[in-house]
Amino acid sequence: VACGPLNQAVETWDSPEIFRPERFSKLPELRMSKPVGSPSGELYGYAPFGAGSRTCVGQRFALMEAVQILGSIAKNFTWSHDGGYVHEVADVTLGPKKGLRLDIKAR
């Protein structure tokens, strides 16, 4: 799957050459093991690492690297939760069903 043309298809995206992260603000309920797709509804309208049997060989490395970078940034902040009940959803892994509201303060 050629990611460049797929992620910039004018049939899927309005003005694909413009960086607009708000396109993803109105997505359906997220499930951890399901592809997000694109806001227009195409399941594979957005596939930054490709799809199917020819996915990017660096996908796992890139995701692992992103977690390490996020961890090195996160340690500079204090994280707290209001203590309310967190509704859980069990998919491939366990996670919060409706997100998790946190208070973040710089150390």
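The following dialogue works through a few local features of this predicted model.

Student: Is Thr12 buried, partly exposed or exposed, and what relative accessibility places it there?

Tutor: Thr12 sits in the loop between helix 1 (3-7) and helix 2 (59-74). The cut-off for buried is under 20% relative accessible area. Thr12 therefore counts as buried, its relative accessibility being 13%.

Student: How far apart in space are Thr12 and Tyr46, C-alpha to C-alpha?

Tutor: In sequence, Thr12 and Tyr46 are 34 residues apart. In space, taken from C-alpha to C-alpha, the separation of Thr12 and Tyr46 is 8.9 Å.

Student: Which residue forms a salt bridge with Arg20?

Tutor: Side chains of opposite charge can pair when their charged atoms come close. The rule applied here asks for a side-chain nitrogen of Lys or Arg within 4 Å of a carboxyl oxygen of Asp or Glu, and by this rule the count comes to 1 salt bridge. Arg20 is partly exposed at 28% relative accessibility, and its partner is likewise partly exposed, with a relative accessible area of 48%. The N to O distance in this salt bridge is 3.5 Å, and the residue whose side chain meets that of Arg20 is Glu22.

Student: What is the C-alpha separation of Gly84 and Arg101?

Tutor: Gly84 belongs to the loop between strand 1 (77-81) and strand 2 (88-90), and at 34% relative accessibility Gly84 counts as partly exposed. Along the chain, Gly84 and Arg101 are 17 residues apart, while their C-alpha atoms are separated by 9.6 Å.

Definitions and conventions. Residues are numbered from 1 along each chain as its sequence is written. This is a predicted model: local features need pLDDT of at least 70, side-chain atom pairs count only at pLDDT 80 or more; totals for chains, interfaces and linings use all residues. Side-chain values use heavy atoms; hydrogens and water are left out. Helices (H or I, at least four residues) and strands (E, at least two) are DSSP runs, numbered from the N terminus. Buried means under 20% relative accessible area, exposed over 50%, partly exposed in between (1.4 Å probe, protein chains only).
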